[in-house]
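These are my notes from going through one model. I looked up surface patches, overall build and charge pairs, in that order.

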Amino acid sequence: MEQLVRFDTGLIFWTWITFFMVLAILAWKAWRPMIRALDRREAGIRSALEAADKARWESEELTARVEEQIRRGRLEAQEILSQARSAAEKVRVELEEAAKKKADELVARAQEQIKAERERALREVRTTVVDLSLYLAGKVMERNLTTEDNKKLVEASLRRIGKA
């Protein structure tokens, strides 16, 4: 047990020599490849992060473009809707004007027909009155009637006119 605890300078020297030799071998054969691997890994991670940033930036740009297209589409739809409303209003006004013009023409035509019918009826009444007047005058002249007979004759003729 004493040999393990004893201080031996030769053992310490060789222990240090061995330690530095193992350290040099590890630095030459293991650490450099490990550091290179870590550097490659770091470069890969950095590249992946840059790619992710680039993808995120592209995604944001695409989102902005899509939102812009949606905004433009909405504006275009509103413009189309406005034009359609304007066209519909124009058509409505044109139809109303055409209908009013047609109605005015129909009213004018009806008034002309009414006027023509009225004139025709007046002509018939005048003709009838003239005929009756001539008839009554002829009857009055055929008879030598009294005033009372004239009244009866006129009343009978008026009744006949009322039936006709």
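Entry 1, nonpolar patch. I looked for nonpolar side chains grouped on the surface of this predicted model. I found a patch made of Phe7, Ile12, Trp16, Phe19 and Phe20. Together these residues have about 590 Å² of accessible area. I then checked where phenylalanine 7 sits: the residue is in the loop between helix H1 (2-5) and helix H2 (9-142). Its relative accessibility is 67%, so I list phenylalanine 7 as exposed, the cut-off for that class being over 50%.

Entry 2, overall build. I counted secondary structure elements in the protein chain and got 3 helices and 0 strands. Along the sequence the pattern reads α-α-α. The radius of gyration is 63 Å, whereas the globule rule gives 15 Å for 164 residues, so the chain is more spread out than a compact globule. I also took the extent of the C-alpha trace along its principal axes, which is about 190 × 35 × 15 Å.

Entry 3, burial and surface. How many of the 164 residues, in percent, count as buried? I noted 3%. The accessible surface of the protein chain comes to about 15,300 Å², and carbon and sulfur atoms hold 61% of that.

Entry 4, charges. I tallied 32 positive and 28 negative side chains. The centres of the two sets lie 5 Å apart. Side chains of opposite charge can pair when their charged atoms come close. I therefore went on to salt bridges and found 10 in the structure.

Entry 5, three salt bridges in helix H2. I looked at these pairs one by one.

- Glutamate 42 and arginine 46 meet at 2.8 Å, N to O. Both lie in helix H2, 4 residues apart, or about one turn. Glutamate 42 is partly exposed at 39% relative accessible area, and arginine 46 is partly exposed at 44%.
- Glutamate 60 pairs with arginine 56, with the closest N and O atoms 3.2 Å apart. The two are 4 residues apart in helix H2, so about one helical turn separates them. Glutamate 60 is partly exposed at 44%, as is arginine 56 at 48%.
- Arginine 120 and glutamate 117 meet at 2.7 Å, N to O. They are 3 residues apart in helix H2, about one turn. I have arginine 120 as partly exposed at 38% and glutamate 117 as partly exposed at 43%.

Entry 6, network. Which residues are linked with Arg56 and Glu60 in a network of salt bridges? I found Asp53 as the further member.

Methods
Residues are numbered from 1 along each chain as its sequence is written. This is a predicted model: local features need pLDDT of at least 70, side-chain atom pairs count only at pLDDT 80 or more; totals for chains, interfaces and linings use all residues. Side-chain values use heavy atoms; hydrogens and water are left out. Patches are made of residues with over 30% relative accessible area and no salt bridge: like charges are joined within 9 Å, nonpolar side chains (Val, Leu, Ile, Met, Phe, Trp, Tyr) within 5 Å. Accessible areas come from the Shrake-Rupley method with a 1.4 Å probe; for residues, only the protein chains shown count as cover. A salt bridge is a side-chain nitrogen of Lys or Arg within 4 Å of a carboxyl oxygen of Asp or Glu. Buried means under 20% relative accessible area, exposed over 50%, partly exposed in between (1.4 Å probe, protein chains only). The radius of gyration is taken over C-alpha atoms; the globule rule is 2.2 Å times the number of residues to the power 0.38. Lys and Arg count as positive and Asp and Glu as negative; His and the chain ends are not counted. The place of a charge is taken as NZ of Lys, CZ of Arg, CG of Asp or CD of Glu.
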